[in-house]
Every structure is written in C-alpha cells, then in structure tokens.
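Please examine the sequence and the three-dimensional model together before reading on. The explanation below is meant for a reader who has not met this structure before.

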Amino acid sequence: MSCQSKQTYVNKVSIGALLLENGEKLPNVEIAYERVGNPDGEVVVVCHALTGNHETVGSEADPGWWSSFIGPDLYIDTNRFQVITMNVIGGCNGSTGPLSINPSTGKAYGAGFPAVTIRDMVHSQYKALEILGINRARAIIGGSLGGMQVLEWGILYPHFAEILVPMAVTPYFTDYALAFNSIGRHAIISDPEWKNGNYPDGAKLKGLETARMVGLVTYRSQSLFNDRFNRERKNGENIEYQVDSYMKYQGEKFSGRFDANSYLVLLQAMDQFDIGYGRGGWEKALLEVEAHVCMFCFNGDLLYPPGLAKNTTDFLKGAKKQVNYIEVDTKFGHDGFLVEFEKWGQKVKNLLEKALCSKIVAIQK
C-alpha cells in the first residue's frame, strides 16, 4: 500500500453549468483536481490558499505545496486516507477561470470573467465530488482562502464531513486585511500594461509583482523579516538591501506563474468573505455546523487575528458543538500553516486517526 499511496492522479471533471451567487450562470465548468492515497480509504478534502493550486502532493520531480505534510506515514497518512484537492474556480491552474475560453465569444474570458464567491467555490467542489462518486469525507482541511472554504463547507453541507480543520482564518475578512488587498488591486489596475485586463499572453505586469510583494509582507511576521535579513546589504553596496532583492525576486517569479485577472477574481472573493452575510450574522451561521471543528491559528497572523478565531471557537463551544482551538507559536505568522509541521501536524494526525480508530472499534463491537 505504501508504494501505491505515493502515486498521484491529476485530472479534470466537468460539472456542467454552475449558477453563481450573483445570479449569473457559468457554463461548461471544469474542476482540476489531484487525487492521491489509499483508493479504499476515507476521503480527506484539501482546500488551497490564494496562490496555491490542486497539486498538494505533486510528484518527486515537482513536489506539491503540502508534500511534507501529506504522504505515506506523514501527518495525513496516504496509507490510510485518499486525499483530494481541487483547484478553485476563478483560478489559473486548470479549473474554469479567466484564462478559460468563453463559449459565447470563442476567446478567453479575461477581465470579463464573472465575480465568484467562496460559496460558489464550495458548490462547484461539491458537484465535482458528487460526479467522482464521493458523498462523504472524513475531514476537510485548508488554510487562508482554503480555511474560508472549509468554514463554508461546514455551513453549506453540514453533514458532508465529520471533521473540519480551518486554519489561519476568521469568520469574516477584516477591514485591515481588506486594506492590503486594496493596495494590491490598485497596483495591478494602475499598471500601464494592464490595458483594462486585456493584456497579451505572457505579459509580466509590474503591478502584479507589487501586489505580490505587498502580500508577502502580510504573510510573515515582523520578527521573521528582521531576523532573516538583519539589514544586510546586497554585495556590500549601500543602495540595495538583501530584503530589496528578495522582494523583487519573489514578485517577478510570481508574475511569471500567475494570471493577473485570476488574482483579482480571487482577491474579490476573499474581500466578500463573511459567513454571516445573508444569514443573520456569523454566530447564527455557525449554528448550522454539525462537524467537529478544530481551528488552528498562528501567532503574529496580521490578516486573521487569533483573538477573533478564538471568539469563533468559544461561540461554538457555548453552542454545544464539538470544537478545539489550537494556537501555534511561530515566527512565520500567517504562513504558519505552510511550514513547521513538527509544531502542529501531529495534532491533525491524532484528530483524524482517533476518529478512525473509534469507528473501527465501534464496528468490531
């Protein structure tokens, strides 16, 4: 089983037309996904973050973004579980998004791609899983934009998963976080090469580079930046510091792999995120959750303050829901869910496998 559980299967599933939350209908929707692990094992659904994709495990030649967390004998053990990650609609890594062909024009949607919400993403994933023959999951897990999806999964489809593991997320996107997205958006649309979203294929927008640099500052803590770079100058010169070089490099690398229209679509989806919208407030929305919730937060997270997340779990506890709150001590801030698995991964493993063992004992009885 160990050999088989290391293999990954990447494909797309067509889910037909998708009615969006804004009333528009998106035709011919495709969802790209990665499926890895024990084909007879219970399902763990992974939801990716803003600039992530469905290649969570990847391959030996090209490891995925959580390849040190998911795999044989790792924290999510693919000897026991099958793990499915789906690329969000509106992205640029295989699922229907701005780079897809609009059947009514025969050209890429580009800036004309409709606005999508986190709820739209979850509905599309539910339809994809239905087509794949999956109607139940052991757990749904994800951080940041992925954590937003996890919370919506628990409200929209409360009986689909036994366990929800939202990480680095709060029940709504704060105004402080909105402000950073506003800077990134302004940088992109102010770029002379933006051309109202009609930039040519292969264009590397300086505005997108700047947006990425703004994001990077919010993903890590102040102490991490200060300790890592320590005001070191590049090649001993006085005019540029190592942190300058690092930020420019990261911006350029990102603009070469991510589509600017997709980035704007996903930023807008994050901006709109509020589980209480149209539901009478976030507390009332949480009453719909039936799964066991284990919320992970990370010290120094500027975008999703642990205090607000703690309020969320306190409310769930008061509502007699099954809930755990885990705050991870890290210098990585928001990006804590992508690193230092030794600090928190075992807690995920114990949560998943304790439930599994309990079920096995119950069956034996």
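The following paragraphs describe the sheet, the helices that pack on it, the contacts between helices, and the salt bridges. The model is a predicted one.

The sheet is a convenient place to begin. It is open and consists of eight strands, arranged in the order β1-β2-β6-β3-β9-β10-β11-β12, with mixed pairing. Strands β1 (8–19) and β12 (323–328) stand at the edges; each has a single partner strand, so one side of each is left without a neighbour in the sheet. From one strand to the next, the twist averages 20°. In general, the strands of a sheet pair through backbone hydrogen bonds, and they do so in either a parallel or an antiparallel manner. Strands β11 (residues 292–298) and β12 run parallel and are joined by six bridges. Among the residues involved, V293 has V323 in β12 as its bridge partner.

Two helices may now be placed against this sheet. Helix α3 packs on the sheet and touches β3 (42–47), β9 (137–143), β10 (161–167) and β11, and its direction makes about 145° with that of β9. Helix α10 (residues 306–318) also packs on the sheet, where it touches β11 and β12; the direction of α10 makes about 165° with that of β12.

Helix α3 has a further contact, with helix α2. How do α2 and α3 cross? The axes of α2 (residues 118–131) and α3 (residues 145–156) come within 9 Å and cross at roughly 70°. An angle from 65 to 115 degrees counts as roughly perpendicular, and α2 and α3 are therefore roughly perpendicular to each other. The crossing in which α2 passes α3 is right-handed. On the α2 side, the residues in contact are I118, R119, M121, V122, H123, Q125, Y126 and L129, and they meet L145, M148, Q149, E152, W153 and L156 of α3. By character, the residues of this contact comprise nine nonpolar, three polar and two charged.

Later in the chain, helix α7 has contacts with α5 and with α6. The axes of α5 (residues 206–219) and α7 (residues 242–255) come within 8 Å, and their crossing angle is roughly 120°. That angle makes α5 oblique to α7. Helix α5 passes α7 in a right-handed crossing. The contact involves K206, L208, E209, R212, M213, L216 and V217 from α5, together with M247, K248, Q250, G251, E252, F254 and S255 from α7. These residues divide into six nonpolar, three polar and five charged.

Helix α6 (residues 222–229) has an axis that comes within 9 Å of that of α7, and the two cross at roughly 115°. Here F225, R228 and F229 of α6 meet Q242, V243, Y246 and M247 of α7. Five nonpolar residues, one polar and one charged make up the contact of α6 with α7.

The salt bridges complete the account. Side chains of opposite charge can pair when their charged atoms come close. With a cut-off of 4 Å between the nitrogen and oxygen atoms, the count is 16 salt bridges. One of them links K12 with E30, whose closest N and O atoms are 3.9 Å apart. The pair connects distant parts of the chain, since K12 lies in strand β1 and E30 in strand β2 (residues 25–37), 18 residues apart.

Methods:
Residues numbered from 1 in each chain as written. Predicted model: local features only at pLDDT ≥ 70, side-chain atom pairs only at ≥ 80, totals over all residues. Heavy atoms only, no water. Axes fitted to C-alpha atoms, helices over the stretch in contact; angles between N-to-C directions. Helix = DSSP H or I, 4+ residues; strand = E, 2+ residues; numbered from the N terminus. Parallel < 35°, antiparallel > 145°, perpendicular 65-115°, else oblique. Left-handed = near helix turned anticlockwise from the far one by under 90°. Contact = heavy atoms within 4.5 Å. Nonpolar A, V, L, I, M, F, W, Y, C, P; charged D, E, K, R; others polar. Pairing = 2+ DSSP bridges. Salt bridge = Lys/Arg side-chain N within 4 Å of Asp/Glu carboxyl O.
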